[in-house]
Amino acid sequence: MNKFTLALLLTAALATSACTRPDRFGAGAGGAGMDPNGGPLTAGAGVGQAGLGGANDPSSPAYFNQAIGDRVLFSVDQSTISPEAQTVLDGQAQWLLTNADYQAVIEGHADEQGTREYNLALGERRANAVREYLVSRGVPSARLRTVSYGKERPIAVCSDASCYTQNRRAVTVIAAGSLS
Amino acid sequence: MLTRVFAILSAAALAVPMALAPAAPALAQDGGPLRITITDGVIEPLPFALPSFFDGGGAGQYASDITQVVAEDLTGTGLFRRIGSESFISTPSGFGGQVSYADWRAINAQALITGSVAVNGNQLTVSFRLYDVFAGGELGEGLQFSGTTDGWRRMGHKVADAVYSRITGEGGYFDSRVVFVAESGPKDDRARRIGIMDYDGANVQYLTDSSSLVLAPRFSPTGDRVLYTSYAGGTAGVRMLNVAAPAGQAVPTAPGEMAFTPRFSQNGSQVIYSVASGGNTDLYRTDLATGSHSQLTNAPSIETSPSFSPDGSQIVFESDRSGQQQLYIMSASGGEARRISFGDGRYGSPVWSPRGDLIAFTKQNAGRFHIGVMRTDGSEERLLTSSFLDESPTWAPNGRVLMFTRETQGAQGGPSLYSVDVSGRNLQRVPTDGFASDASWGPLQQ
């Protein structure tokens, strides 16, 4: 499975989940998904929302998610931005500078190999590391918000390193409008 | 004696209809030979006889149902073994009648519990007596509890608490409740709501719906309120609800990106919690009456999972200031902290025992998770469990038993609640309908 297909599948999974329970991604929910009927998600209080657009359109959130990459991964119990992650975040920063109407919510996550409360703090540390990197590349901090889900929102459900690697992530969720 | 006691009890029951009023003080007389010291290496459970309680009038099914609760409470500790009624040589002719000690000695019953249940309208009265068979006399006085029929399980728990307490010399813990997170749905889209149940998993009620992610509820010292972490505001925030009228409300917290891990102070008037901001998590305290807050730690590391000492003077918490999670103790007003955990691995989610003597914690080492206890100076560390993922211990009100979350691995894996006694014996799953996590064990009910 190539990266592109994986990203598409993930986006679909996110959209479905978000419809099951509107709070699934908190205030960031509106940015990433479409409901199964094809319409945009309903925005809750303070929720930014953005049409995904086509992945071929470089100014679209779909392009951001799939061509640039909406997420970076971390080592165990670390929040250091790896050289590989820097490349992704450089692309994210460039996109956010070019598309100045969009805001972003950075979601920090941890794998299940840790205690619940510590992982909430660790997720915030990771989200913040991404925010600081984007700010260092010129993105105004007012356009960025962080939220941590600790280990409560795994994207991969197995209990071995292949899944833990995917779950130790920070996901940049694009939203239009102002952040609450 | 019992007649006089009855009169006193009725008055009490009328004055406080929902309360379970003990008729007489639990006067534990000299224990004599009938004694279990829990810290000893108890291997053989103490055999006891518990004939089904008598119907003292209109009791119907309640008599045998309450007897069953008493039996399950006592045997569930691993300290007692019930002798089957088929072994009985004789049975008492009625509640409070002559006891044929020789017949009970012959089947090696160390203790005999007899009881009587009466129902009048929705009022339920339970009386019991505890006999030390080999000493040939009663252990403590007969006791009577009364309340409403819908609280019938509590009557059984009250009897069992009294028996447990007289024989072990420890406080009981059966008439207590637990708040927890009930989980359902697939691992990557789990719905969570806060539930409350009896310590044994009975009488489950839900205090929140699953529209927002909720985590880590904590009982107030009196068990009337619950603090928890909620994403209702789009990110983690501290909320509080009243058990009797569970509409959650936000608790004012120090500014930051998120606030979480709230716990009550011992008098219930203050909340300590973590605030994360700019990649740094510190501990704060809010006064519930005024809403004012103060900062307790100030370090560029993660400080979280606080727990007050029973006297309210100190706080144990976890910090990764040394490079990985370890346990620290500081004054309740903040300031210098001293590290108490020095073994291999990472230590988190510390909880101070209600007895003050021990701190329970989660330990991660060599790919395994453990629930453990150590003294407050960090000495005598003892690991009680080991599994793929054990975490979040909580103490029974008597400080002798811990409940914790055990999660099974894999895509179909999920959390359940387990209990284990402080010596590491008697590991048991707490029955819940679905997945359950993050228990907080409340006080013994009044």
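A salt bridge is counted here when a side-chain nitrogen of Lys or Arg sits within 4 Å of a carboxyl oxygen of Asp or Glu. One such pair in this predicted model brings together B:D438 and A:R116, whose closest N and O atoms are 2.9 Å apart. That pair makes a handy way into the structure, starting with the place where the two chains meet.

On the chain A side, 35 residues are in contact with chain B, and they touch 49 residues there. Three residues of chain A stand out: A:R116, A:E117 and A:Y118 supply 20% of the area that chain A buries against chain B, more than any other three residues. Taken over both partners, the buried area between chain A and chain B comes to about 3,500 Å², and carbon and sulfur atoms give 47% of that.

Polar pairs turn up across this interface too. The rule finds 21 residue pairs in polar contact between chain A and chain B, counting pairs with both residues at pLDDT 80 or more. Three elements of chain A give two or more residues each to the side that touches chain B, namely α1 (3-20), α5 (116-136) and β3 (144-150). Helix α5(A) brings the largest share, with 11 residues. Sorted by class, that side of chain A has 14 charged residues, 11 nonpolar ones and 10 polar ones. As for salt bridges, the rule finds eight of them across the interface of chain A and chain B.

Back to A:R116, then. In the whole structure, over all chains, there are 26 salt bridges, and A:R116 has a part in more than one story. Within its own chain, the side chain of A:R116 meets that of A:E152 in a salt bridge, at 2.8 Å from N to O. A:R116 belongs to helix α5 of chain A, while A:E152 sits in the loop between β3 and α6 (161-167), so this pair ties together parts that are 36 residues apart in sequence. Both A:R116 and A:E152 are buried.

The bridge from A:R116 to B:D438, at 2.9 Å between the closest N and O atoms, does another job. Since A:R116 is in helix α5 of chain A and B:D438 is in strand β31 (residues 435-444) of chain B, the pair joins two chains. How buried are its two ends? A:R116 has a relative accessible area of 3%, so it counts as buried, and B:D438 is buried as well, with a relative accessible area of 3%. The linking does not stop at these residues: A:R116, A:E152, B:E183, B:R190, B:R192 and B:D438 are linked in a network of salt bridges.

Now for chain B as a whole. Its secondary structure comes to four helices and 31 strands. Of the 446 residues in chain B, 57% are buried. Among the contacts in chain B with a separation of 6 or more, 47% are between residues 24 or more positions apart. The area that chain B exposes is about 16,700 Å², with 49% of it supplied by carbon and sulfur atoms.

Chain B also has a salt bridge between B:R321 and B:E303, whose side chains meet at 3.3 Å from N to O. Here B:R321 lies in the loop between β20 (314-319) and β21 (326-331), and B:E303 in strand β19 (residues 303-308), so the pair ties together parts that are 18 residues apart in sequence. The two ends have unlike surroundings: B:R321 counts as partly exposed at 37% relative accessibility, whereas B:E303 is buried, with a relative accessible area of 0%.

Another acidic residue of chain B deserves a look. B:D390 is found in strand β27 (residues 390-395), and its relative accessible area is 0%, so it counts as buried. What does B:D390 touch, leaving aside its neighbours within four places in sequence? The residues in contact with B:D390 are B:T362, B:F369, B:H370, B:I371, B:T385, B:F404, B:T405 and B:R406. With one of these, B:T385, the side chain of B:D390 makes a side-chain polar contact at 2.7 Å. The side chain of B:R406 is likewise in polar contact with the side chain of B:D390, at 2.7 Å. Further along the sequence, B:Y418 is 28 residues away from B:D390, yet the C-alpha atoms of the two are 9.3 Å apart in space.

Terms used: Residues numbered from 1 in each chain as written. Chains lettered and ligands numbered in written order. Predicted model: local features only at pLDDT ≥ 70, side-chain atom pairs only at ≥ 80, totals over all residues. Heavy atoms only, no water. Contact = heavy atoms within 4.5 Å. Buried area = accessible area lost by both parts, 1.4 Å probe. Polar contact = N/O pair within 3.5 Å; in protein donor to acceptor, adjacent residues only side chain to side chain. Nonpolar A, V, L, I, M, F, W, Y, C, P; charged D, E, K, R; others polar. Buried < 20%, exposed > 50% of the residue type's maximum accessible area, 1.4 Å probe, protein only. Areas by Shrake-Rupley, 256 points an atom, 1.4 Å probe, with all protein chains shown as cover.
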